[in-house]
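Visitor: I'd like to learn how to read a structure like this one feature by feature. Could you walk me through it?

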Amino acid sequence: MKQGLSLRVSQHLALTPQLQQSIRLLQLSTLELSQEVEQMLDENPFLEVSDETAPREDFGLAQVDTPVSLETREFEAATDSVAGSADGSSATSQNDAEPSAEPKLEESWEGDGSVEIAPDDNEWGGDATPRKNNSDDSDVDATELARSHESLQDHLHRQALSLRLSPEGKAALHFLIESLNDDGYLEDSLNELAAGLAGDDLEQLEQVEHEFAVALKLLHHMEPAGVGARNLAECLGLQLLDCKDNDETRAAMAICKQPMDLLARRDFKRLAVLCGFPEQVIKGAIALIARLDPKPGRRFVNVERNLIVPDVLVVKSGRGLKVSLNSDVMPRLRVHDIYANAIKGNKGQGGQALQQRLQEARWFIKNIQQRFDTILRVSSAIVERQKNFFTHGELAMRPLVLREIADELGLHESTISRVTTAKYMSTPFGTFELKYFFGSALGTETGGNASSTAVRALIKQFVASESLKKPLSDNQISEMLKEQGIECARRTVAKYREALRIAPANLRKSL
């Protein structure tokens, strides 16, 4: 085989570490970004927390109302080219609905990083006022409330202090309390718990199991009622012990001893035969059981991990809307001036390494600013498209897919997908993930489109106003939607109903 040399010209895409960092920061949630910032502050000595936001002009960042800078174009081009491949993710596929023609909204960008959107009431009218779901007590810090939340174990340990027990009894009760799950259930049997402590010593195993049995009886008499149960039937039975003694309570106790699937199906006739009570009493007993708490420990679960801090704030401003970033979630970083000036003129090997760290700090600040600029641009475009929602609620939601926002902003769908994932917007109707404002289109009799979000809102409205004695079936809801001019099949109604966590008609029927 003859060897030779040849020249070949080719092109390939190479992502610099800075662009890779830009893409990664863009898809991080607020909590993940906070952790990333803390890690970078620990690793890079040139970064420090500032009382003021780093000046944007220092890094040539693109503003929404100015021509896009070279760095921004480079970032967006790289993001578009590696759509779905840089992080192994791809944009969510959605039905492409053609947007209905609407007048262009007027925008006026302010110096504080916000945009005001003028209203357009041609379609819905301008007299309706939004509901106020948010509390007026803005001084209350939700994080502090969460931190002061008492756990189930602390609540039970505090009750245990009033009991006069032997050291062995205290230890057994303490062990059982710590073995409860978040729902307040004891998942492992007493024998399994005792075997984990006593090992192969049969005599000690029997003694430990006896101590656990005595402690479990004490646990069953603590608040909340039903705590320490091994299954749902026992949990409901413990709560029924605190109810007034009558036929319905006794029937409810008997129902809890039967298979739970009979209760779930509300099989009145079968339960009446098995429990020996009239069917009318069984109906009253099931109504009593429905008022019990199947998960008594849930109210004590630490809610701090479920807190949602919005990235974007939307408030009414005159007759329009003002879209702004939440300053509380924006890291305030700057380059340490003393350290940066100290390495000037140092061109040795150590100086080059420090210069690289300095450049990393500058790129990190720039990429964070780029992240929030992109979030604000996407959020403003969403508010512009869904302006009727912010005045009239979810019934006024219009169909919207990722491609519409991507085409308007000149970005790729995967970039919009990253921006709208785990990012939240505070609105007059509550706090929603940005993806909430996207929905597929359903056809109407007039040839237009209705948003799937608006259809779900209609279904929820129909169910809320239905007769409890004759709840609406999926077929009936489908027909009611057709009367509204919306073509929605029965199976689609069932899918939306399940997404809304609405029980089927037979389970919604009043007793």
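Guide: Let's start with one residue: Ala-422 sits in the loop between helix H18 (413–420) and strand S7 (424–427). Keep in mind that this is a predicted model.

Visitor: What is the phi of Ala-422?

Guide: First the general idea: most residues other than glycine have a negative phi. Ala-422 is not a glycine, yet its phi is positive, at about 60 degrees. With a relative accessible area of 22%, Ala-422 counts as partly exposed, because the partly exposed class runs between 20% and 50%.

Visitor: Which other residue has a positive phi without being a glycine?

Guide: Arg-501 is one, with phi near 60 degrees. You'll find Arg-501 in the loop between helix H21 (490–499) and helix H22 (505–508). Arg-501 is exposed, at 81% relative accessibility.

Visitor: And the peptide bonds? Which residues does a cis peptide bond join?

Guide: In general, most peptide bonds are trans. Here a cis bond joins Glu-223 and Pro-224, with omega about 0 degrees. Pro-224 belongs to the loop between H8, which spans residues 202–220, and helix H9 (232–240).

Visitor: Now charges. How many salt bridges does the structure hold?

Guide: The idea is that side chains of opposite charge can pair when their charged atoms come close. This structure holds 15 salt bridges. Take Arg-385 and Glu-408, whose side chains meet at 3.2 Å, N to O. Arg-385 lies in helix H15 (residues 349–385) and Glu-408 in helix H17 (residues 402–409), so this pair ties together parts that are 23 residues apart in sequence.

Visitor: Is Arg-385 buried or exposed?

Guide: Buried, with a relative accessible area of 18%. Its partner Glu-408 is partly exposed, at 30%. There's also a network of salt bridges linking Arg-385, Arg-398, Glu-404 and Glu-408.

Visitor: Which residue forms a salt bridge with Lys-460?

Guide: Glu-394, with the closest N and O atoms 3.3 Å apart. This pair links distant parts of the chain, 66 residues apart: Lys-460 is in helix H19 (residues 452–464), and Glu-394 is in the loop between helix H16 (389–392) and H17. Lys-460 is partly exposed at 39% relative accessibility, and Glu-394 is partly exposed too, at 24%.

Visitor: What about Asp-245 and Arg-250?

Guide: Their side chains meet in a salt bridge at 2.9 Å, N to O. Asp-245 is exposed, with a relative accessible area of 59%, whereas Arg-250 is partly exposed at 40%.

Visitor: Which residues form a negative surface patch?

Guide: Asp-200, Asp-201, Glu-203 and Glu-206 form one. Asp-200 is in the loop between helix H7 (190–198) and helix H8 (202–220), and Asp-200 is exposed, with a relative accessible area of 76%.

Visitor: For contrast, is Glu-466 buried or exposed?

Guide: Glu-466 counts as buried, at 11% relative accessibility. Glu-466 lies in the loop between H19 and helix H20 (474–483). Leaving aside neighbours within four places in sequence, Glu-466 is in contact with Pro-471, Leu-472 and Arg-508.

Visitor: Let's zoom out. How many helices and strands are there in the protein?

Guide: There are 22 helices and 10 strands. Of the 511 residues, 42% count as buried. The accessible surface comes to about 29,100 Å², and 49% of that belongs to carbon and sulfur atoms. Among contacts with a separation of 6 or more, 68% are between residues 24 or more positions apart.

How values were computed. Residues are numbered from 1 along each chain as its sequence is written. This is a predicted model: local features need pLDDT of at least 70, side-chain atom pairs count only at pLDDT 80 or more; totals for chains, interfaces and linings use all residues. Side-chain values use heavy atoms; hydrogens and water are left out. Patches are made of residues with over 30% relative accessible area and no salt bridge: like charges are joined within 9 Å, nonpolar side chains (Val, Leu, Ile, Met, Phe, Trp, Tyr) within 5 Å. Accessible areas come from the Shrake-Rupley method with a 1.4 Å probe; for residues, only the protein chains shown count as cover. A salt bridge is a side-chain nitrogen of Lys or Arg within 4 Å of a carboxyl oxygen of Asp or Glu. Lys and Arg count as positive and Asp and Glu as negative; His and the chain ends are not counted. The place of a charge is taken as NZ of Lys, CZ of Arg, CG of Asp or CD of Glu. Helices (H or I, at least four residues) and strands (E, at least two) are DSSP runs, numbered from the N terminus. Buried means under 20% relative accessible area, exposed over 50%, partly exposed in between (1.4 Å probe, protein chains only). Contact means heavy atoms within 4.5 Å.
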